[in-house]
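This report describes a predicted model. Please view the sequence and the structure together before reading the notes that follow.

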Amino acid sequence: MILVQAEDIEEVSVQWENVSTWEEMEAWLKDHKSAGGNLRLTQDIAITGDFIYSRFFSGMNEPGNVCVDTGAYQLIVEGKLHFAGGPNLTFTGDGEIFRVAKAGQLKMSAITVENRSGGCAIYQEEGGTLCVGAGTKVNGEVHYAELPVATAYPYIEIMVPKGGTLAECLPSAIYAHYNYRGQDSSSEMFVEWNPEAVESQIADRQRFRLDGRIVGGTQLIPPVAEVVFFDRDITFSETQFYEYSTETLVSLYYYCRGEITPQLYYSLDQETYTPVASHPNRIEEGKGQALIRLLKGKDPSGCGEDDILWEPGDPPISFVFGWQTEEGEQYSDVICYDGTGGVTAGKPYEGNRGGGTDLGTGIQVVQAANSGSPSESVLIPKNQAEETSTGSNQRENTSEETPDTTGLTKTAAASTGAEQGDVKSGGTRIWLTMLITGAVLLAAFGLSGVI
């Protein structure tokens, strides 16, 4: 056995690398994700954009230690940053390590943040969000923002009943997701609206979006409500568009008053309307849903009876319901979608006739001549139609009567789709329902990749 004096042991040299910009630091972190290493800042660094950094491991491949020494400088979070470090990711320095700027977002899971002087290690400005996740160790103080920060909202709808006013229906609180004192949560939050900015839309009683402001807190984005007027016996409600590589799945909800057998039509010019073969397939307590598939590309051979050839970049597509009454044909409001966002109100038509709107000078169904869709007939203005037999391929649907004496504020999860490979055409409405349900679940879980 050889005994060695302590003073004879040479100190192991630690190799440090220096960075002065976020681009350099981001590249270094990616390059040293597995092997580990030691990094020093030479100045303050502002972190912009979205960045997710995960070093959790499985099996025997435990990553090496990563140590970031900020020294007298700090990391200023202006973008969206998530560090999920596992047991071997440490940020250390002589002052504030992280400063979360207004509108910045910092989330930490299982990392170590250490102020060697014992002072403030993380500072959250008002309007920024900070989430200190499980397994995170902070040696030093954390300065939290005083006010909660609203980060997201489910779908917000304000339904104004026939004869009612928007002022009577405005909610004073909405359900919101928010960040407060290092944690993400959700509950109702007070809100103020700005109807003065949309007085003309209110007077026209056409659907529109109404901006709000969170009271008693701050917000990353303002709440926006969809205002709909239930003046017609059928009025469109929430709409959802799920974009895929070969198609767009469309879900159209609507309110229905009384028992009506409606036919859904679409148009690319708000003049000529073509009936959609599918009908609303679910009506519950005065609310129904129509499911449609918009196929991208111009090949009609792949169209099923429920499909429409349309893709973003084409003229905006509009939808309207029509049905027969003792007084004649009646129509719902018109909604329009251009592929870039939510729906807008279609252009108003003259000739209101008690609960519905006459499209132009009135419309009738005529036989289509090579319309380029699976439908067998189209709707055109009466003054353009030739004398011919009419028909509208309808199926019966009924709904229970919906009271219209009070306003309704509705919140439901809003969703977006993700890229998907080719999907066989001509699916049934049950198949569409399964796909849309899957898209909602994926969006709800918020699955995202990591670098």
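## Aromatic pairs

With ring centres required to lie within 6.5 Å of each other, the count of aromatic pairs in this predicted model comes to 13. One of them joins Phe 83 and Phe 91, whose rings are tilted at 50 degrees between the planes and stand 4.9 Å apart, centre to centre; Phe 83 and Phe 91 are both buried. Another pair, formed by Phe 236 and Phe 321, is stacked, with 25 degrees between the planes and 5.3 Å from centre to centre. This stacked pair links distant parts of the chain, since Phe 236 belongs to strand β23 (residues 234–243) and Phe 321 to strand β30 (residues 317–325), 85 residues apart. Phe 236 is buried, as is Phe 321.

Ring pairs also link a cluster made up of Trp 22, Phe 51, Tyr 53, Phe 83, Phe 91 and Phe 98. The tilted pair of Phe 83 and Phe 91 therefore belongs to a cluster that also contains Trp 22, a buried residue of helix α1.

## Helix α1 and its flanking strands

Helix α1 (residues 22–31) has four buried residues, namely Trp 22, Met 25, Trp 28 and Leu 29. Viewed down the helix axis, these buried residues of α1 fall within an arc of 125 degrees, so they line one face of the helix. An α-helix has 3.6 residues a turn, so residues three or four places apart point the same way. On the face of α1 that is turned away from the buried side, the exposed residues Glu 23 and Asp 31 are found.

The helix is part of a right-handed β-α-β unit, made by β1, α1 and β2. Strand β1 (residues 17–19) pairs with β2 in the parallel sense over three bridges, and the bridge partner of Val 19 in β2 is Leu 41. Side chains alternate along strand β2 (residues 37–41): Gly 37, Leu 39 and Leu 41 point to one face and are buried, whereas Asn 38 and Arg 40 point to the other face and are not buried. Strand β2 also pairs with strand β5 (residues 66–69), in the parallel sense and over four bridges, with Cys 67 of β5 as the bridge partner of Asn 38.

## The five-stranded open sheet

An open sheet of five strands follows the order β3-β6-β9-β12-β15, and its pairing is parallel. Strands β3 (45–47) and β15 (141–143) stand at the edges with a single partner strand each, so one side of each is left without a neighbour in the sheet. Neighbouring strands of this sheet are turned against each other by 20 degrees on average, direction ignored.

Within the sheet, three bridges join strand β9 (residues 98–100) to strand β12 (residues 120–124), the two running parallel. Arg 99 has Tyr 123 as its bridge partner in β12, and the charged end of Arg 99 sits over the ring of Tyr 123, 4.0 Å from its centre. A similar arrangement is found for Arg 257, whose charged end sits over the ring of Phe 230, 4.0 Å from its centre.

## The hairpin of β30 and β31

Strand β30, which carries Phe 321, pairs with strand β31 (residues 328–331) in the antiparallel sense over four bridges. The two strands β30 and β31 are joined by a hairpin through two residues, and Gly 322 stands opposite Tyr 331 in β31.

Technical notes:
Residues are numbered from 1 along each chain as its sequence is written. This is a predicted model: local features need pLDDT of at least 70, side-chain atom pairs count only at pLDDT 80 or more; totals for chains, interfaces and linings use all residues. Side-chain values use heavy atoms; hydrogens and water are left out. Buried means under 20% relative accessible area, exposed over 50%, partly exposed in between (1.4 Å probe, protein chains only). The arc is that of the directions from the helix axis to the C-beta atoms. Two strands pair if DSSP finds at least two bridges between them. Axes are lines fitted to C-alpha atoms, for helices over the stretch in contact, and angles run from 0 to 180 degrees between N-to-C directions. Rings of Phe, Tyr and Trp (its six-membered ring) pair if their centres lie within 6.5 Å; planes under 30 degrees apart count as stacked, over 60 as edge-to-face and the rest as tilted. A charge sits over a ring if NZ of Lys or CZ of Arg is within 6 Å of the ring centre and within 35 degrees of the ring normal. A crossover is right-handed if, with the strands pointing away from the viewer, the path from the first strand over the helix to the second runs clockwise.
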